[in-house]
Amino acid sequence: MQCNSITPMCWSPLGNFFKTDNDQNARIKMEANKLSVKYDVAQEAILLAWIVKHPANILPVFGTTDPLKISQLMKATTIQLQTKEWFALWEASRGEQVA
């Protein structure tokens, strides 16, 4: 898609993430929690900021109509994740180093 200048869309990017307990989610939540404290936002905003920073310029499409939730998620656009933070979240998801 990147080679053809097509912008991908990510529908319901958080899915069941906060409803499912497994090792992968536990690792991601731990890393996202550190960053949510640093940036003073909800973990959801951190995860959305990760998607927004993806080199494919992914456009997230979330399904909520709750104004409070929307305002929390919009904070993702103000977060400038450092490259090492972006990779830390990816590594937490994979459970191994990627860089």
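Biologist: Leaving out residues up to four places away in sequence, what does tryptophan 90 touch?

Modeller: This is a predicted model, so keep that in mind as we go. Not counting residues up to four places away in sequence, two contacts turn up for tryptophan 90, and they are Trp50 and Val98.

Biologist: How far apart are the C-alpha atoms of tryptophan 90 and tryptophan 50?

Modeller: Along the chain, these two sit 40 residues apart. Tryptophan 90 is found in helix α4, while tryptophan 50 lies in helix α2 (residues 43–53). In space, their C-alpha atoms are separated by 8.7 Å.

Biologist: Is tryptophan 90 buried, partly exposed or exposed?

Modeller: Buried would need under 20% relative accessible area, and exposed would need over 50%. Tryptophan 90 has 31%, so the label is partly exposed.

Biologist: And tryptophan 86, buried or exposed?

Modeller: Use the cut-off again: under 20% is buried. Tryptophan 86 comes in at 7% relative accessibility, so it counts as buried.

Biologist: Which kind of aromatic pair do tryptophan 86 and tryptophan 90 form?

Modeller: Both lie in helix α4, 4 residues apart, which is about one turn of the helix. Their ring centres are 5.7 Å apart and their planes sit at 65 degrees. An angle over 60 degrees gets its own name, so this pair is edge-to-face.

Biologist: What about tryptophan 50 and tryptophan 86, what kind of pair is that?

Modeller: Here the centres are 4.6 Å apart, with 5 degrees between the planes. Tryptophan 50 is in α2 and tryptophan 86 in α4, so the pair ties together parts that are 36 residues apart in sequence. Planes under 30 degrees apart share one label, and for this pair that label is stacked.

Biologist: How many aromatic pairs does the whole structure have, and which residues form one aromatic cluster?

Modeller: Searching the whole structure gives 4 aromatic pairs. The residues that form one aromatic cluster are Trp50, Trp86, Phe87 and Trp90.

Biologist: How many of the residues of α2 are buried?

Modeller: Among the buried ones are Ile46, Leu47 and Trp50. The buried residues pack against β1 (9–11), α1, β2 (59–61), α3 (67–74) and α4. That leaves α2 mostly covered, and the count is 9 of its 11 residues.

Biologist: Which element gives the most to the largest nonpolar core?

Modeller: In soluble globular proteins, nonpolar side chains tend to be buried together. The largest core here has 22 residues, and those with the most contacts inside it are Ile46, Leu47, Trp50, Ile79, Leu81 and Leu89. The elements giving two or more residues are α1, α2 and α4. With 7 residues, the top contributor is α2.

Biologist: How do α1 and α4 run, roughly parallel or roughly antiparallel?

Modeller: The axes of α1 (residues 23–39) and α4 (residues 83–94) come within 7 Å and cross at roughly 160 degrees. Angles over 145 degrees get one name, so α1 is, relative to α4, roughly antiparallel.

Biologist: How do the residues of that contact divide into nonpolar, polar and charged?

Modeller: From α1 the contact includes Ile28, Glu31 and Leu35. From α4 it includes Glu85, Leu89 and Ser93. Sorted by type, the residues of the contact of α1 with α4 come to 7 nonpolar, 2 polar and 5 charged.

How values were computed: Residues numbered from 1 in each chain as written. Predicted model: local features only at pLDDT ≥ 70, side-chain atom pairs only at ≥ 80, totals over all residues. Heavy atoms only, no water. Axes fitted to C-alpha atoms, helices over the stretch in contact; angles between N-to-C directions. Parallel < 35°, antiparallel > 145°, perpendicular 65-115°, else oblique. Contact = heavy atoms within 4.5 Å. Nonpolar A, V, L, I, M, F, W, Y, C, P; charged D, E, K, R; others polar. Phe/Tyr/Trp six-rings, centres within 6.5 Å; stacked < 30°, edge-to-face > 60°. Buried < 20%, exposed > 50% of the residue type's maximum accessible area, 1.4 Å probe, protein only. Core = buried A, V, L, I, M, F, W, Y, C linked by side-chain atoms within 4.5 Å.
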